[in-house]
Amino acid sequence: MSRKTLTTATGTPVPDDDNSISVGPNGPLTFDNHYTFEKLAHFNRERIPERVVHARGTGAYGTFTVTRSMEAYTIADFLQNEGQETEVFARFSTVGGGQDSSDYARDPRGFALKFYTAEGNYDMVGNNTPVFFLRDAIKFPDFIHSQKKNPRTNLPDPAAMYEFWANHPQSLHQVTILMSDRGIPASYRHMHGFSSHTFSFWNAKGERFWFKWHFKSDQGIRCLTNEEAARMPPFGAQQDLVEAIDRGDFPSWTAKVQIMTEEQARSYHINPFDLTKVWPHADFPLMEVGRLVLHRNVENHFAETEQAAFAPSNLVPGIGVSPDRMLQGRLLAYQDAHRYRIGANANQLSVNAARCPVHHYQRDGAMAGCPVHGQAIQTSEVNFYPNDRINAGVPAPEPRVAEPPMPIEQEAWLGRFDTSDEDHYSQAGALFRLMSPAQQGQLCNNIAEGLVKATESVRQRMLQQFEKAEPGYAAGVAEALEKQHSEA
Ligand code: HEM
């Protein structure tokens, strides 16, 4: 291999990278040390704000292959033909910790996929759990604050977590999953991924279907106990994924969907748009759609994984949202976060750029206009719409991709509707009853370990929630709390 010449950031060959220019061997540095200054100034700018949640993560590229055409349900281009392949970028993450936290926290795991489809990027920004703690976006900042470190001590604060949950019984289902034996995945390869939210498909006839994504790990599920997790290196899940891909042991997931018709949604006994609930598989069976295989690591973790910008609002024709009030909040949050964290032109970076043509009338902004994947962006000379040059090849809207109108099924009075009377307990109770006695024991002990640090009032309110889900659940936690007290 030929020797490479070291250069400045603008390509000028550098004669010496060890010694700054100084006044004699012992004197001060001079002002013509522009190369030293360039290094120091760039170093000062190496960080961008970390993600406010999901800061710690690892990414890889792969391929999604359709195993069953979804043409009957959606016009989404990448789901039309059996055998059709689409490039994907995936990022897995923990949620609450900062960039240098452990991969083995008891925490949900992010499961974010970017499909580079022929009709734009489609992002599935999900988690490894089918539900979430909340059913209204307005609560998200409060919830995350309660899970992050204490603002005074900068230490983890389990008492605050339970104080939040005691005040929000809607979290009980997800708390039960998080504290169960599935709460700490052994690796990113050994966990499932879910859209959790309900989204919509629409087909060429303009019919809408509600659906949820399930990505089932072909490696199977493997989890750790608290004790096992404490012995793991903090970067172990990242290492596991990178090394598996490097040695050709490519992780894969079987992609499935649950589908509900608009008619079924009208009469189903569970609100299909409530993120704290699953759709029981007995009512809405899983239908296989495709297979995801990750086979290429990133070349540059910062450029690709850190600057990756996933957004639930990155949708493609044939896939829309639903009235889920958590999802609605997320439609604003992510692109706002990207503009702050990465910049106005985040979507021009290689990892975020569409692989299909991008034509729009957005202009300029920091770092604008670099050609990406062989395409120049913002090149058309006309920068407004409508204009008189549509026949000259300038961008124009395509009515074919319009989403069919979404009906509002109930009253549409503007207001703040109280959802606290929805059932918070039955699915948590059903999950508890599905567990073996050993799993129930582990769940109750994991809860007691944190709950013992909370106030008496919080403990009592949590016990009332467990009781409403299943009396045996409350009894198990009460017993585990006793044990914690006697060991203290
Ligand atoms: C209203 C509720 C929510 C809000 C406001 C919210 C907000 C955010 C924000 C601001 C980020 C950082 C984005 C970035 O800087 O690139 C993020 C990351 C993320 N969120 Fe949420 N989030 C919410 C709920 C959820 C839910 C319910 C899920 C899963 C079902 C989820 C999954 C993720 C994932 C996977 C990431 C990391 C994406 C990546 O790898 O870059 N979030 N969220």
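**Figure 1. Strand S4 is a mostly covered strand in this predicted model.** Let's start with S4, which runs over residues 120-127. Of its 8 residues, 8 are buried. Its pairing partner is strand S3, residues 109-117, and the two strands run in the antiparallel sense, joined over 8 bridges. To find your place in this pairing, look for Ala-112, which stands opposite Val-125 in S4. Together, S3 and S4 make a hairpin, with 2 residues between them. As you follow the strands, it helps to remember that side chains in a regular strand alternate between the two faces of the sheet.

**Figure 2. A shell of 26 residues surrounds the ligand.** Here we turn to the ligand and its neighbours. The closest residues are Arg-51, Arg-91, Arg-330, Tyr-334 and Arg-341. The hairpin strands appear again in this view: S3 and S4, as well as helix H9 (residues 325-341), each supply at least two residues of the shell. Which element gives the most to the shell? That is H9, with 7 residues. By residue class, the shell divides into 14 nonpolar, 8 polar and 4 charged residues.

**Figure 3. The iron atom of the ligand has a single protein donor, Tyr-334.** The donor atom is the OH of Tyr-334, placed 1.8 Å from the iron. Tyr-334 sits in helix H9, the helix that gives the most residues to the shell around the ligand. Tyr-334 is also among the closest residues to the ligand.

**Figure 4. Polar side-chain atoms of His-54, Arg-330 and His-338 approach the ligand.** Two of these views involve nitrogen atoms of the ligand. A polar side-chain atom of His-54 lies 3.3 Å from a ligand nitrogen, and for Arg-330 the distance from a polar side-chain atom to a ligand nitrogen is likewise 3.3 Å. With His-338, the ligand atom is an oxygen, and a polar atom of the histidine side chain lies 3.1 Å from it.

**Figure 5. His-168 lies in a loop between two helices.** For the last close-up, we move to the loop between helix H3 (residues 158-167) and helix H4 (residues 172-178), where His-168 is found. Is His-168 buried or exposed? His-168 counts as buried because its relative accessibility is 13%, and the cut-off for buried is under 20%. A polar atom of the His-168 side chain lies 2.8 Å from the backbone oxygen of Phe-164. Setting aside neighbours within four places in sequence, His-168 is in contact with Lys-139 and Gln-465.

Definitions and conventions: Residues are numbered from 1 along each chain as its sequence is written. This is a predicted model: local features need pLDDT of at least 70, side-chain atom pairs count only at pLDDT 80 or more; totals for chains, interfaces and linings use all residues. Side-chain values use heavy atoms; hydrogens and water are left out. Buried means under 20% relative accessible area, exposed over 50%, partly exposed in between (1.4 Å probe, protein chains only). Helices (H or I, at least four residues) and strands (E, at least two) are DSSP runs, numbered from the N terminus. Two strands pair if DSSP finds at least two bridges between them. A residue is near a molecule or strand if one of its heavy atoms lies within 4 Å of it. A polar contact is a pair of N or O atoms within 3.5 Å; within protein, one must be able to donate a hydrogen and the other to accept it, and residues adjacent in sequence count only if both atoms are side-chain atoms. Ala, Val, Leu, Ile, Met, Phe, Trp, Tyr, Cys and Pro count as nonpolar, Asp, Glu, Lys and Arg as charged, and the others, Gly among them, as polar. Contact means heavy atoms within 4.5 Å. Donors are N, O and S atoms within 2.8 Å of the metal (3.2 Å for Na, K and Ca); water is not among the atoms, so sites may look incomplete.
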